[in-house]
Amino acid sequence: MKKKIKLALAQISSKRENKKANLRKIEKFTIKAKEQGANLVIFPELSLTGYVLHDQVYELAEAILGPSTKKVEELAKKTGMHIIFGMPELSEKTEATIFNTAVFVGPTGIIGKFRKMYLPTHSVFEEKRYFRPGYQTAVFNTPVGNVGLFICYDIFFPEVCRLTRLKGAELMVCISASPAVRRNYFEIFTAARALENTAFLVYVNLAGVEDGLQFWGGSRLVSPTGDVLVKAKYDEEDFVVCEVDYRDIRSAETFIPTLRDLRPELFEKLKKQSENL
Amino acid sequence: MKLTASVLELDLAEVEKRIKRFIKEYVENAEADGIVLGMSGGIDSGTVAAISSLSIGGDKVTGLMLPERETFDSKDINDAKIVAEKFGLKTTVCDITPTLEGFYKTIPIFDRTEKLCKGNIKARTRMIYLYYYANKLNMIVCGSSDKSETMMGYFTKWGDVAADISPLMDLYKTQVRKLALHIGISPELAAKPSTPALWPNQLAETELGIKYETLDLILYGLERFMTTEEIAQQISVKKPLVEKVKSRWLAVEHKRRLPLTPKVEYRTVGTDFRLPRHIY
């Protein structure tokens, strides 16, 4: 595994319900990332289809491997890049059971996937109406590092990130489709999750407007001490390449030894208390 | 949460940016050639005209002034013209009096003494003019309804509220006034009393029976699930006033929704037929 990698935050505005156009954009930015020396390029939540899909999600969802993931596989093979993107995933075992999924593809094919665990269904969000939640956190040991994945609202629940970290994630990737009214929360959470777990956290958000929802962009790489190392523009499409030096985790972990100080017995209590809320 | 005027404070630069972005992206996605909007000479339409021009350029914004004999006030025309001049948008004046007279003469049960029914004809007639321009010139209709009036149902169904987009609909009236000042509308216009101009000397606050400063705080509290007791106590008004606002707030939901239909089939418009917008 490399000690240093270059990653690209591809903060795109997806063309809603137009997988062809979005795949073209994924290809364009993957090639751009490759040209700028990146090893990994990350696209936002549901970047394959756009976020506000309502009932059309049933038409747009695809199994993994399906036509779109095969195209991204080809792209990864052709460019030698690692690619993370979001899509509505159709369960292979059913006809209309769909997950909100982050897909991780490498030069040798699909590395893995993460199904969003916490589906926001409040305010403007209606994800539980359409998606089944995932039940597993996901960490992958890859040439670009030990990479953990989660999606948007999952970041509000520290246990998702913590579990990902405890499974060995050094780079925690949060892909997102967050509207502007929530910007402040994510700016706080992204720093907090990185800091409390002393690992790198990369956050890649959508840009653009869908049905009055304005995605705020602001994608970023946060250091293991909670510092924002790079930040993409607010609101509009942007593309930022940055470097992750995994050796920084060691000094962060000694200075802020949250992992050493973990108290496993509290998790039992947490479980019991949350069952009786 | 303490319900004081400060809760209605906004980051006006951010709100301006967000509304401008919304208008611009909408017009572009719709592949429209611009925006048409009604200009009454009031604060809401002046603000929406100004911010639309700041968003897509005044040359792409057409303001229609649609006066009629009974409520005509040259000051309204002048106020609208001042905004148009300052923000560089085009304006056209269409006197709708002959059209209204046509309705008055041809509706068999028309009653001149019923001012609300008659006034609603005016608001709906203005809507027809706006949509004619939009259709003819490949534009979208931009509404100027604010959140105070929308939540109180203080508008004509399918009339002044009819639009393709309503950029100010998530801002209470007092917030619109602040945004207006922020983007360069004159203090005189920002403070001008609102009127739907359905009949002479009609004033919104008189008709609603409450000052916008108080109404907006009550609506803000209701929006955040506060009880009527809490709201009354916090803003030092009598509870029946808050209850009256709440009753109206609930009763006029029908004006904010598509017509209701009984559920008969698999997916039903207005309830569980949920499609993303494609064509604007």
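**Exercise 1.** In β3(A), which residue is the bridge partner of V41(A)? Then place this pair in its strands and its sheet.

*Solution.* Step 1: V41(A) has I83(A) as its bridge partner in β3(A). The model is a predicted one.

Step 2: Strand β2 of chain A covers residues 40–42 and strand β3 of chain A covers residues 82–90; the two run parallel and are joined by 3 bridges.

Step 3: Both strands belong to an open sheet of 6 strands in chain A, ordered β5-β4-β3-β2-β1-β14, with mixed pairing.

Step 4: The edges of this sheet are β5 (109–115) and β14 (238–245) of chain A; each has a single partner strand, so one side of each is left without a neighbour in the sheet. From one strand to the next, the twist averages 30°.

Step 5: Helix α3 of chain A, residues 67–79, packs on the sheet and touches β3, β4 (98–106) and β5 of chain A. The direction of the helix makes about 175° with that of β3(A).

**Exercise 2.** Is N205(A) buried or exposed? Describe its surroundings as well.

*Solution.* Step 1: Locate the residue. N205(A) lies in strand β9 of chain A, which spans residues 200–205.

Step 2: Apply the cut-off. A residue is buried if 20 or more other C-beta atoms lie within 10 Å of its own. N205(A) has 28 C-beta neighbours inside 10 Å and therefore counts as buried.

Step 3: List contacts, leaving aside residues up to four places away in sequence. Among those that N205(A) touches are Q11(A), P44(A), S176(A), F215(A) and W216(A).

Step 4: Consider a distance. D235(A) is 30 residues from N205(A) in sequence, and their C-alpha atoms are 9.5 Å apart in space.

**Exercise 3.** In which sense do β10(A) and β11(A) pair, and over how many bridges? Continue to the hairpin they form.

*Solution.* Step 1: The pairing of β10(A) with strand β11 of chain A (residues 213–216) is antiparallel, over 4 bridges. One pair of bridge partners is G208(A) and F215(A), the latter in β11(A).

Step 2: Strand β10 of chain A covers residues 207–210; A207(A) and V209(A) point one way from it, G208(A) and E210(A) the other way, and all are buried.

Step 3: The hairpin has 2 residues between the strands, and D211(A) takes a positive phi near 50° there.

**Exercise 4.** How many residues does each chain give to the contact between chain A and chain B?

*Solution.* Step 1: Chain A gives 13 residues and chain B gives 8 residues.

Step 2: Sorted by class, the chain B side has 5 charged, 3 nonpolar and no polar residues.

Key
Residues are numbered from 1 along each chain as its sequence is written. Chains are lettered from A and ligands numbered from 1 in the order in which they are written. This is a predicted model: local features need pLDDT of at least 70, side-chain atom pairs count only at pLDDT 80 or more; totals for chains, interfaces and linings use all residues. Two strands pair if DSSP finds at least two bridges between them. Axes are lines fitted to C-alpha atoms, for helices over the stretch in contact, and angles run from 0 to 180 degrees between N-to-C directions. Two residues are in contact if their C-beta atoms, placed from the backbone, lie within 7 Å. Ala, Val, Leu, Ile, Met, Phe, Trp, Tyr, Cys and Pro count as nonpolar, Asp, Glu, Lys and Arg as charged, and the others, Gly among them, as polar. A residue is buried if 20 or more other C-beta atoms lie within 10 Å of its own, exposed if 12 or fewer, and partly exposed in between; C-beta atoms are placed from the backbone.
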